[in-house]
Amino acid sequence: KNNLSKFIGPKNFVQDNISISNKYVIRGMHYQLNPSAQGKLISTINGGIYDVIVDLRRSSRTFKTWAGVNLDSKNKTILWIPSGFAHGFLSLEDNTIVNYKVDNYWNKSLERSLKWNDSEIKINWPDVNENLQFLNISDKDNDAKSFEELEEEGAIFE
C-alpha cells in the first residue's frame, strides 16, 4: 500500500481546488507568502498540462531554478510542490481539469504572481513560441511581477 506521507511527510490538506482550462491557457506563476504559504498536490482529472515550478527559497541550492513535468489523466502522475515554490501550468488539451489539494487556506493579501515569461527565470514552455497567437492568459497573470520586482518587495522566501 502506498502511503503518501512516507514521501512528503504528514500533511493536513485543508482544501481542494479545481480549475478547468482549454488548450493554450497559461496559469501562473502563483504562490503565497508566509504564514499562508501553501504546499500543493497537483493532479489532472481530465486532459493534460505542462506543470512548472520555480524555487523561490533563497536558502535552497536550487533557488531561482525551474522544473517542468507533463501531468495528464492517462499517466495519472501527481506532483507535490512544497511551500516556497511558484506554480503554474500550460494546458495541453481542451477541457483540462486540474485538481489542487492544498495544505493552507487561500489568503488574497499574501498571494503573489511571478511573470510566466520572466526574463531572469527563463521557463522553457513547450510549443509556446510557435503558438503565441493562441495563448490565453488572464489579466492577473499578464500583470504579474518580474522576479526582480518581487525580490525588491521582499516577496521571496528565506
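Colleague: Which side chain does Lys64 meet in a salt bridge?

Modeller: In this predicted model, the side chain of Lys64 meets that of Glu120, with 2.6 Å from N to O.

Colleague: What parts of the chain does that pair tie together?

Modeller: Lys64 sits in the loop between β4 and β5 (66-72), while Glu120 sits in the loop between β9 (111-113) and β10 (136-137), so the salt bridge ties together parts that are 56 residues apart in sequence.

Colleague: And how exposed are Lys64 and Glu120?

Modeller: Lys64 is partly exposed, its relative accessible area being 29%. Glu120 also counts as partly exposed, at 35% relative accessibility.

Colleague: How many salt bridges does the count come to?

Modeller: The count is 7 salt bridges. Among them is the one between Lys140 and Glu111, at 3.0 Å from N to O. Lys140 belongs to helix α2 and Glu111 to strand β9, so this pair ties together parts that are 29 residues apart in sequence. Lys140 is partly exposed, at 42% relative accessibility.

Colleague: Which residue does Glu153 pair with?

Modeller: The side chain of Glu153 meets that of Lys145 in a salt bridge, at 2.3 Å from N to O. Glu153 is partly exposed, with a relative accessible area of 42%, and Lys145 is partly exposed as well, at 33%.

Colleague: Which residues are linked in a network of salt bridges?

Modeller: Arg58, Glu151 and Glu158 are linked in such a network.

Colleague: Changing topic to pockets. What is the volume of the largest pocket?

Modeller: The largest pocket has a volume of about 410 Å³. Its lining consists of 18 residues, and those nearest its centre are Asn17, His30, Tyr100, Glu111 and Lys140. Two of these names have come up already: Glu111 and Lys140 meet in a salt bridge.

Colleague: Which elements give two or more residues to that lining?

Modeller: They are β1 (15-21), β2 (25-32), β7 (85-91), β8 (96-102) and α2 (139-142). The largest share comes from β2, which supplies 4 residues.

Colleague: How do the lining residues of the largest pocket divide by class?

Modeller: The lining has 4 nonpolar, 9 polar and 5 charged residues.

Colleague: How much space lies in the second largest pocket?

Modeller: The second largest pocket holds about 160 Å³ of space. Its lining includes Trp116, Asn117, Asp118, Lys122, Trp125 and Leu132. By class, the lining of this second pocket has 5 nonpolar, 3 polar and 4 charged residues.

Colleague: What about closed spaces: how many cavities of 30 Å³ or more does a search find?

Modeller: A search of the whole structure finds 1 cavity of that size. It contains about 40 Å³ of space. The residues lining this cavity are Tyr31, Gln32, Ala37, Gln38, Lys40, Ser83, Gly84, Phe85 and Phe157. Of these, 4 are nonpolar, 4 are polar and 1 is charged.

Colleague: Tyr31 is on that list. Which residues of the largest nonpolar core touch the most other members?

Modeller: Tyr31 is one of them, along with Ile26, Met29, Val54, Leu56, Leu114 and Trp125, in a core of 26 residues. The elements β2, β4 (48-55), β7 and α3 (147-152) each supply at least two residues of this core.

Colleague: Which residues does Leu114 touch?

Modeller: Leaving aside residues up to four places away in sequence, Leu114 touches Gly28, Met29, Tyr31, Val54, Ala86, Ile121, Ala144, Lys145, Ser146, Phe147 and Leu150. Lys145 in that group is also the salt-bridge partner of Glu153.

Colleague: Which residues does the second, separate core include?

Modeller: That core has 11 residues, including Ile42, Ile49, Ile53 and Tyr100. Tyr100 is also one of the residues nearest the centre of the largest pocket.

Colleague: One last residue: where does Pro126 lie?

Modeller: Pro126 lies in the loop between β9 and β10. Pro126 is partly exposed, with a relative accessible area of 27%.

Colleague: And which residues does Pro126 touch?

Modeller: Not counting residues up to four places away in sequence, Pro126 touches Tyr50 and Leu90. Between the C-alpha atoms of Pro126 and Asp139, 13 residues apart along the chain, the separation is 22 Å.

Terms used:
Residues are numbered from 1 along each chain as its sequence is written. This is a predicted model: local features need pLDDT of at least 70, side-chain atom pairs count only at pLDDT 80 or more; totals for chains, interfaces and linings use all residues. Side-chain values use heavy atoms; hydrogens and water are left out. On a 1 Å grid over the protein atoms alone, a cavity is a set of points where a 1.4 Å probe fits but cannot get out, and a pocket is an open set with protein on both sides within 12 Å along at least five of seven lines; lining residues have an atom within 4 Å of a point. Grid points are joined across faces, edges and corners, and a volume is the space filled by probe spheres set on the points. Ala, Val, Leu, Ile, Met, Phe, Trp, Tyr, Cys and Pro count as nonpolar, Asp, Glu, Lys and Arg as charged, and the others, Gly among them, as polar. A nonpolar core is a set of buried Ala, Val, Leu, Ile, Met, Phe, Trp, Tyr and Cys residues joined through side-chain atoms within 4.5 Å. Buried means under 20% relative accessible area, exposed over 50%, partly exposed in between (1.4 Å probe, protein chains only). Contact means heavy atoms within 4.5 Å. A salt bridge is a side-chain nitrogen of Lys or Arg within 4 Å of a carboxyl oxygen of Asp or Glu.
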